[in-house]
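Hi everyone, thanks for making time this morning. I'd like to walk you through one structure, so let's put it up on the screen.

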Amino acid sequence: MKRFCLALVLPIFIGPALAAEEQVETAEPPLIIDGETADISEYLWINRPVIVFSDSPADPRYVQQLELLNALPDDLRDRDVIVLTDANPEGKSALRKKLRPRGFMMVLMSKDGTVYLRKPFPWSVREISRSIDKLPSRQQEVRDRRETVTQ
């Protein structure tokens, strides 16, 4: 009888712990990160940073850009994109010192840390994806994925 009761009660206590453990393993990293404290070197050869600058978080172009990026997050994740935001010009972040934005600016960097493009207006995920897909490193990634699938 004790084994029977234990078999009924044990899942009640263990179940939530296992479910929490599964959630930790499957949780995706955030797509959009505060860039004021970010170190761009953390993303070298791992992610393609898209950096969105503005003089204020209320800037309509800044708000529109974040809405566009949030609309298709899976397309960006497929291309290893991480979005860094900086809407505080007085903060003098490392990103601001390196890229020197004036007002709103969207910057796409390659995985090796070079600036691929700068735009003074919001871009859709489709436009960003097309630009990324033209990069030689992205084309190599696609070829490598095809080869691993066919093997």
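Before the helices, a quick word on how I'm using angles: an axis is a line fitted to C-alpha atoms, for helices over the stretch in contact, and angles run from 0 to 180 degrees between N-to-C directions. And please keep in mind that this is a predicted model.

Let's begin with a helix pair. Helix 5, residues 125–134, packs against helix 6, residues 136–150, at about 80°, and their axes lie 5 Å apart. Angles of 65 to 115 degrees count as roughly perpendicular, so that is the label for helix 5 and helix 6. Who makes the contact? From helix 5 we have Ile132, Asp133 and Lys134, and from helix 6 Pro136, Arg138 and Gln139. By character, the contact residues are three charged, two nonpolar and one polar.

Now, over to the sheet. Five strands form an open sheet in the order 1-3-2-4-5, and the pairing is mixed. Which strands stand at the edges? Those are strand 1 (32–34) and strand 5 (115–119); each has a single partner strand, so one side of each has no neighbour in the sheet. On average, neighbouring strands are turned by 20° against each other, ignoring direction.

Looking further in, strand 2 (residues 48–53) and strand 3 (residues 81–86) run parallel, joined by six bridges. One pairing to find on the screen: Phe53 has Asp86 in strand 3 as its bridge partner.

Finally, helix 2, residues 60–71, packs on this sheet and touches strand 1, strand 2, strand 3 and strand 4 (105–109). The direction of helix 2 makes about 150° with that of strand 2.

Thanks, all!

Definitions and conventions: Residues numbered from 1 in each chain as written. Predicted model: local features only at pLDDT ≥ 70, side-chain atom pairs only at ≥ 80, totals over all residues. Heavy atoms only, no water. Helix = DSSP H or I, 4+ residues; strand = E, 2+ residues; numbered from the N terminus. Parallel < 35°, antiparallel > 145°, perpendicular 65-115°, else oblique. Contact = heavy atoms within 4.5 Å. Nonpolar A, V, L, I, M, F, W, Y, C, P; charged D, E, K, R; others polar. Pairing = 2+ DSSP bridges.
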